[in-house]
Amino acid sequence: MSDLVFKRVIPAPTEEVFYAFSSEQGWRDWLCNSARFRPLSGRNFQLSWDSGWFAAGSILTLDRPHTVELSWHGPGDPATSRVSIRLQGLTGGTEVQISHAGLGEGEAWERARAEVQKGWEMGLENLESIF
C-alpha cells in the first residue's frame, strides 16, 4: 500500500515548529498527553494518550530544523512503520509534511491505517491551533 502523506502550512517559523516535533513538551503541546522524547538519534521514544493509546519507537534522524524520522509502533499495529517529518520554511510560515510509511495490507493494517489517518489529521489541526 502507498504511504499516507499529510501537509499543512503552520503560521510560525521553522525553528518553532521543529520544537513541536523534537521535544517532550513540544509533542505534548499538540499531539499527546504524555511524552518521553530525548532529541538524540538512536534514542527510544514513547507518546501516550489518556485514552490508553500509545506509540513507541526510535528516533532515526533528527536534523534541526528540517527533518525528524521515527520508527513507529502503536498497539494493534501488525509491525513497525516509519514516520518522516519534513519542514520547509515559507514566507510567513512553515510547510509541514508528514509521511507515514510501511503500513501493510490486510484487515489489521486497515484498522491501523484508519487510526493513523485520523490521528495525524487531528494532530495537524491541533498543531496549527497552537501558533
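The exercises below, each with a worked solution, concern a predicted model.

**Exercise 1.** Determine how the rings of W27 and W30 are arranged, and where these two residues lie.

*Solution.* Begin with the location: W27 and W30 both belong to helix 2 (residues 24-30), where they are 3 residues apart, about one turn of the helix. Next take the geometry, in which the ring centres are 5.6 Å apart and the planes meet at 25°. Planes under 30 degrees apart count as stacked, and therefore the pair of W27 and W30 is stacked. Finally, consider the surroundings: W27 is buried, and W30 is buried as well.

**Exercise 2.** Classify the aromatic pair formed by F21 and W27, and name the cluster that contains them.

*Solution.* The structure holds 9 aromatic pairs. In the pair of F21 and W27, the distance is 5.6 Å centre to centre, with 90° between the planes, and this arrangement is edge-to-face. Both F21 and W27 are buried. One aromatic cluster is formed by F21, W27, W30, F37, F45, W72 and W120.

**Exercise 3.** Decide whether N33 is buried, partly exposed or exposed, and describe its contacts.

*Solution.* First locate N33, which is found in the loop between helix 2 and strand 2 (34-37). Buried means under 20% relative accessible area and exposed means over 50%; because N33 has 39% relative accessibility, N33 counts as partly exposed. Leaving aside neighbours within four places in sequence, N33 is in contact with R28, S48, W49 and D50. The side chain of N33 reaches the backbone nitrogen of D50 at 2.7 Å.

Methods. Residues are numbered from 1 along each chain as its sequence is written. This is a predicted model: local features need pLDDT of at least 70, side-chain atom pairs count only at pLDDT 80 or more; totals for chains, interfaces and linings use all residues. Side-chain values use heavy atoms; hydrogens and water are left out. Rings of Phe, Tyr and Trp (its six-membered ring) pair if their centres lie within 6.5 Å; planes under 30 degrees apart count as stacked, over 60 as edge-to-face and the rest as tilted. Buried means under 20% relative accessible area, exposed over 50%, partly exposed in between (1.4 Å probe, protein chains only). Helices (H or I, at least four residues) and strands (E, at least two) are DSSP runs, numbered from the N terminus. Contact means heavy atoms within 4.5 Å. A polar contact is a pair of N or O atoms within 3.5 Å; within protein, one must be able to donate a hydrogen and the other to accept it, and residues adjacent in sequence count only if both atoms are side-chain atoms.
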